[in-house]
Amino acid sequence: MENMSKVIYLDNNATTKTDEEVFREMEPYFCGLYGNPSSMHTFGGQVRRKLDEARERVAALIGAASPSEIIFTSCGSESDNAAIMGVLKSSPGKKHIVTTKVEHPAVRNLCKHLAKNGYFVTELGVDKDGMLDLDRLKESVTDDTAIVSIMYANNETGVIFPIDEIAAIVKEKGSVFHTDAVQAVGKIPIDMKSAQIDLLSLSGHKLHAPKGVGALYVKKGTKYSPFIIGGHQEHSRRGGTENVPSIIGLGKACELAGANIEYENTEVKRIRDKLEDKLLELAPNARRNGNKENRLPNTSNISFEYVEGEAILLLLNDLGVCASSGSACTSGSLEPSHVMRAMGVPFTAAHGSIRFSLSRYSTEEEIDVVIQRLPGIITRLRAISPFGRGK
Ligand code: PLP
């Protein structure tokens with residue numbers, strides 16, 4: 001790396017920097033105010049009040065009708081598992097699950113596991129832009145469908161599904177609707193009061209809170225059994241002493257995300273568009289993956305055909321630029337990601353797909369460095385690639 005101290009971090013869908021204001025809000029709850037929020041004494045009670053404030057802040061960001069609809073968890077993966085398992089446990093007679101081919105492994109691999117254990121799973125496909133066929137969804141939901149789990153926004157492409165419309169279809173069919181909104185919360189406005197979503201997952205480390213904390217929204221009246229069985233914490237809906245400092249951090253991060261959501265959808269989107277437009281113009285045989293309009297404002301997934309994504313990442317890494325090929329969870333394998341395969345992206349393009357994901361900390365100067373340097377990297381790699389010569 002040319003200069004390790006100057007990292008250009010464009011991998012915010014993998015994880016984000018903890019906001020310094022978030023960290024400051026958490027700090028007193030490690031060594032000073034370390035009481036257990038479930039304790040009867042005043043020392044624990046003040047922690048309980050701060051936990052309640054965090055619950056209110058999370059509820060406010062997603063427009064929940066009541067803070068009591070928020071259950072704190074350890075991460076987005078736990079929220080996804082808790083949502084699906086919690087609903088299945090409370091409706092044991094139903095054995096059908098509807099999901100999509102482009103879900104994060106937290107949902108996809110759980111559904112694969114359930115398919116081997118007595119459940120029947122329908123995985124809906126997507127078109128070349130990564131969009132769902134809503135008529136197929138309508139046909140798929142039956143009286144036996146216990147839950148429909150469809151992500152809000154895709155982690156690899158940023159494609160946003162029409163979740164309010166999807167929720168309305170599922171509710172009309174009489175099933176329960178869960179959405180994995182781990183990539184959407186904090187990046188686009190979400191209002192649970194107007195949506196017919198029953199359960200929603202979110203994760204702290206995708207919105208400038210620390211890693212290892214998440215939340216599950218469960219709409220009042222939804223039939224739900226706890227996934228982690230233990231004490232009476234979280235109104236007996238999730239056993240285990242709460243990760244107090246991180247939950248307080250998540251609350252603060254949600255407050256800051258709400259205050260910054262307009263910036264995210266104007267300035268972050270503007271520099272994301274600049275990056276994407278310039279790379280598509282300057283790098284030969286480059287293509288965008290995913291619907292251009294219905295997308296998170298921070299994400300751009302571009303395929304540089306006839307070049308290996310891993311090679312691009314290594315050379316970007318030498319410049320201090322952090323990006324990702326596919327999702328962080330799928331990189332490490334040379335197989336094109338399940339999302340690229342589901343969209344039918346040709347093999348030669350899927351292999352060279354790079355995800356850039358920005359945040360409110362990304363600057364135009366950083367974007368300009370990538371615009372200046374990356375096209376040359378692609379030309380060099382293509383010249384030495386067995387597929388790329390002459391392209
Ligand atoms: N769902 C989506 C869409 C994600 O992008 C991720 C993480 O990348 C997760 C779930 C899992 O979240 P966590 O890392 O908090 O378990």
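This dialogue covers the ligand site and one cavity of a predicted model.

Tutor: Residues are numbered from 1 along each chain as its sequence is written. The model is predicted, so local features need pLDDT of at least 70, side-chain atom pairs count only at pLDDT 80 or more, totals for chains, interfaces and linings use all residues, and side-chain values use heavy atoms, with hydrogens and water left out.

Student: Which residues come nearest to the ligand?

Tutor: A residue is near a molecule if one of its heavy atoms lies within 4 Å of it. Here 13 residues surround the ligand, and Gly 76, Ser 77, Asp 180, Ser 203 and Lys 206 come nearest.

Student: What lies 2.6 Å from a nitrogen atom of the ligand?

Tutor: A polar contact with a ligand is a pair of N or O atoms within 3.5 Å. The partner of that nitrogen is a polar side-chain atom of Asp 180. Oxygen atoms of the ligand lie 2.7 Å from a polar side-chain atom of Ser 203 and 2.8 Å from a backbone N or O atom of Gly 76.

Student: How many cavities does the whole structure have?

Tutor: A cavity is a set of points, on a 1 Å grid over the protein atoms alone, where a 1.4 Å probe fits but cannot get out. Volume is the space filled by probe spheres set on the points, which are joined across faces, edges and corners. The search finds four cavities of 30 Å³ or more; the second largest has a volume of about 100 Å³.

Student: Which residues line the second largest cavity?

Tutor: Lining residues have an atom within 4 Å of a point. This cavity has 14, including Lys 187, Lys 206 and His 208.

Note on methods: Polar contact = N/O pair within 3.5 Å; in protein donor to acceptor, adjacent residues only side chain to side chain. 1 Å grid on protein atoms, 1.4 Å probe; cavity = no way out; pocket = protein on both sides within 12 Å on 5 of 7 lines; lining within 4 Å.
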